[in-house]
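Please open the model in your viewer and keep the sequence panel beside it, so that you can select residues by number as you read.

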Amino acid sequence: MPDGAYVEALLADLEKDLPYLQGRPIHSIFMGGGTPSLLGSDELERLMQGLYQNLNIDKDAEITLETNPGTFEIDKFARFRESGINRLSIGVQSFNDQHLRQLGRIHSSDEAAHAIEKAKEVGFDNFNIDLMHGLEGQTMKQCLSDVEMALSFDSTHISFYQLTLEPNTLFAKFPPKLPDDEDIWAMGAKGAALIESHGHQQYEISAYGKIPSKHNMNYWQFGDYLGIGAGAHGKITNCKTQTIFRTLKPKSPKDYMVKFQGKDLDLPIKIIENTTFEFMLNALRLKQGFDLALFESRTGKSLNVIGERLSIASDLGLLSVENNRLTPTSKGFDFVNNLQEMFL
Ligand SMILES: C[S@@+](CC[C@H](N)C(=O)[O-])C[C@H]1O[C@@H](n2cnc3c(N)ncnc32)[C@H](O)[C@@H]1O
């Protein structure tokens, strides 16, 4: 599929969703899912132009491009920067070639190191490195050496994900032999301490930043966002009725193209019924917690609906509420799934 045609479909998709903005400005843009860094620099420039023509983008908006080190071409990335991308998320995953092969990644650890160096060379001073831990046959020593290596590039952000076996994936079908749960837990804890000892603050389950990501924060604070592209999800609040719903775009790029090259732009939306649980599913992932006023403004509900559950969770030592701010305790943060379930 020619990149140009896909970019035109993206812009047609955007145009269709503009009314959902209800006059609100854009604070962050995240180009991810798949490998947007495969786009040609002309195509990405066309897309950026289309975004600036259609959107009221804040002057200090965070504009992230997710990149796969294996697709790194220095000239293209210099052009990406010129076209307005101001943050890179580099999907390294590991600096251990055997683990990269097991993960089915196309890049090597040398290519990952090269890509990061070049990203800095073309001027990307705000960039994230994605790492995974709890990998097949991974030892504590290997996990910490990955973290050390990532820290050596002095990025502004590190995402340190525990490998999860997503349903309907090859890993789910042929599950790899993962380390024991205790060992994975220990890798997560020691890795976190090492990352924080280098000046990054953990602000979410997997996210550590000298500069927290605006896009990630909006997501976890149950903020609204448009979802543009094949398989993209959006989350919108109707500011008049306070109805909150998700937008869903056709998953297969072929169906997506047919949809947005066609005239029939009827698209499904899904009303979010249990906004309390959906809010807590996101916001309780924040290590520093949130103001309770955020719950009211983002769900349109009064605090009374969660009052009783807040006091039960507080009695169980899973969270504390002081000066109208809810903060998960370290026990509540470590057992966040249990805490979230209390708001189901
Ligand atoms: C969530 S986005 C990255 C957003 C980025 N961390 C940022 O701050 O902008 C994609 C990343 O999810 C992680 N990921 C993908 N599949 C995963 C899995 N099955 N288990 C754990 N992490 C996964 C990979 O590190 C991948 O690079």
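The tour below goes from the two domains to the place where they touch.

Begin by colouring the two parts of this predicted model separately: select residues 25-220 for domain 1 and residues 275-341 for domain 2. If you place a marker at the centre of each domain, taken over C-alpha atoms, the two markers will lie 28 Å apart. Where the domains meet, the contact takes 11 residues from domain 1 and nine residues from domain 2.

How much area do domain 1 and domain 2 bury between them? The value is about 980 Å², and 52% of this buried area is on carbon and sulfur atoms. The size of an interface is often given in this way, as the accessible area lost when the parts come together.

Next, show the side chains of Arg285 and Glu204, which meet in a salt bridge with a distance of 2.6 Å from N to O. Between domain 1 and domain 2 the count is two salt bridges, and six residue pairs, with both residues at pLDDT 80 or more, are in polar contact.

Now select, on the side of domain 1 that touches domain 2, helix H8 (181-196), strand E6 (201-204) and helix H9 (214-220), each of which supplies at least two residues to that side. Strand E6 gives the most, with four residues. Finally, colour the residues on this side of domain 1 by type, and you will find six nonpolar, three polar and two charged.

How values were computed. Residues numbered from 1 in each chain as written. Predicted model: local features only at pLDDT ≥ 70, side-chain atom pairs only at ≥ 80, totals over all residues. Heavy atoms only, no water. Domains from an automatic or database assignment. Contact = heavy atoms within 4.5 Å. Buried area = accessible area lost by both parts, 1.4 Å probe. Salt bridge = Lys/Arg side-chain N within 4 Å of Asp/Glu carboxyl O. Polar contact = N/O pair within 3.5 Å; in protein donor to acceptor, adjacent residues only side chain to side chain. Nonpolar A, V, L, I, M, F, W, Y, C, P; charged D, E, K, R; others polar.
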